[in-house]
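Here are a few exercises to work through with the model in front of you. Try each task yourself before you read its solution.

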Amino acid sequence: MRVATLILAIVLFIPLAQATNETSWTHEFGDGYITTKPLIVDDSVYVRTSGFWTGDARPVVASFDVLSGEEYWRFTSQTSLQHDMAPLLYAEQGSGDCGSWQDLLVVGWSDGKITAHSTEDGVVVWENQTEVDLIGITGAMIIEDDQVIVPTRSGLSSFCLADGKEILNVDVGFIGWRNGVTAVEEGYVFGDESGNLHTVSRNGSASSIHLGEGKIRHAPLDTRHGLFVHLQTDEGSTMFLNGSILASVGQSPAIPLMHENRIYAATSDEWISILCDKEACSIEATEPFHSNGELALRIVDTEVEVWAHSNTASGGWGIFNQTAYVRMENTSFNTYGTAAPGFGPGVVAFGNDAGVLKVTSESSERLSEVKTSADIVGGIHYVAIVLLFFFTCWSLAHQDFKQLTKAGSAFVLLIAIAVVPELSLKLAEQTSPQGEADWDSTWPVEWFGTQVIVFEIDGEEHAIGGLERQQTVYDLTILACDELGIETEIEQQYLGAYLVAFNGSVGDGWEFTLDGSRSQVGMTEAQLKDASIVEWRPA
């Protein structure tokens, strides 16, 4: 019995050791601070530094293994002018009218340079130069088709992702700072330090409107009711919607963000949630808080989390739901900060004004390397059981047969305890393919956590995500088809709306799946979740 007890203790201990999978690591850059969020892509985390350099110190962009913290590569700028605050931009490999490109990390520098780096080793694939007026690029860039759109110090430029060739160069005559750009139907919109909102068409023509005396230090948000702009003024800040004042709030506004039908903002005085319903946008909730940098959005089990760095000596990150403060996230290096945390599957990356990067990996969503290690440990687990069994049998070989039988019974019981749950899990995984649609890795990361819909028409797939949240499959289908330019033919029958054709294609009929499963109700009754995936395919 003592031997059997020993076996049981070891068998139960090993799985407990396997469950302890949560890891974290830190990297201290020493010189400079981290002012924009770390970027997590697959098994890498990318981060840049900014600050006041002394001696030979210069700003860097670096790549690390997201789990171990091993540094993959580092690029140091020898010409930057200190204030490197343009968020990093990841461009997935692709092709377009101006050529093909590999996976790139695109970086805008305060000396006016724009560089595109290989994500594998950091080598500069191409670079170009924009105008400098004391400072160069400091605002958020975007990718549109085969181009990167860059808000420059006094205007806007675009470059081919394949070779960095300049395609568009417009000077609006006003300087900007952290003035990110947004793509809209009319072209590209961005602000400046004089309160002007500029629109540059895709052929290069420019127009401007003056909102008021103040500074626009974020990319305008394109809402259903017009452009949202948070203008920093000497007295505080003013929110504008479609050119009209929405509200006057606190000083030094943060960079706002939008998700579905809500805008989230912050100042030195408050965190703000703005609801945009069908009629208008209005402030629905505020919470006392001090945040002046980037905000970040995280979806956890369909629940919305808005993260805001507390730009105070005590630091930390405030976490809010759609309308209220929830809790503080603190680390051992809390201090001033403006960088939002970067999120990946089961991973969070923090950066602060002390130049410290901290990455935590959550055990519930480990990456493939950890899963492989766990499988190896699991194999060792079962080998240990078998070896211990034979050792027990050998030890009892000189005793009576009854004792040997008891040991054998104990062994069978332990095998059942250890193996059956995992067999059940494997069986469930293989026999339950329905109920969850697969996320396509080629979809833009901005679609994650939003409703996505896919149409397979004449053998070609059309997909779109990031739309305004809809209640039913019917509503999302109509909205998506309108956005994609797909013509629909729908008949109202006794059982409800029936989809006859997409772009005139009838075939043998059409059917949809919702989150990987065939729906038991029609498209007008099928209810959507915040992150549902709908797929329309020929029957």
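**Exercise 1. Work out how far helix α4 reaches and which way its buried residues point.**

Step 1. Find residues 473-484: these twelve residues make up helix α4. Helices here are DSSP runs of H or I with at least four residues, strands are runs of E with at least two, and both are numbered from the N terminus.

Step 2. Go from the first C-alpha of α4 to its last and you cover 16 Å, close to the 16 Å expected at 1.5 Å a residue. That expected span is 1.5 Å times one less than the number of residues.

Step 3. Now pick out the buried residues of α4: Val473, Leu476, Thr477, Ala480 and Cys481. Seen down the helix axis, the buried residues of α4 fall within an arc of 125 degrees, so they line one face. (The arc is taken over the directions from the helix axis to the C-beta atoms.) Buried means under 20% relative accessible area, exposed means over 50%, and partly exposed lies in between, with a 1.4 Å probe and protein chains only. Cys481, for one, has just 3%.

Step 4. Just after α4, look at Gly485, which takes a positive phi of about 75 degrees.

A word on the ground rules: this is a predicted model, where local features need pLDDT of at least 70, side-chain atom pairs count only at pLDDT 80 or more, and totals for chains, interfaces and linings use all residues. Residues are numbered from 1 along each chain as its sequence is written, and side-chain values use heavy atoms, leaving out hydrogens and water.

**Exercise 2. Find the disulfides and say how their cysteines pair up along the chain.**

Step 1. Look for pairs of cysteine sulfur atoms within 2.5 Å, which is what counts as a disulfide here. You should end up with two disulfides.

Step 2. Take Cys98 and Cys160, joined with an S to S distance of 2.1 Å. Cys98 sits in the loop between β7 (94-96) and β8 (99-101), while Cys160 belongs to strand β14 (residues 155-160), 62 residues apart. Their link is right-handed, with 95 degrees about the S-S bond.

Step 3. Buried or partly exposed: which is Cys98? Cys98 is partly exposed at 26%, whereas Cys160 is buried at 1%.

Step 4. Move on to Cys276 and Cys281, whose sulfurs are 2.0 Å apart. This link is right-handed too, with 110 degrees about the S-S bond. Cys276 is buried at 3%, and Cys281 is buried at 7%.

Step 5. Count the bonded cysteines along the chain, and the pattern reads 1-2, 3-4.
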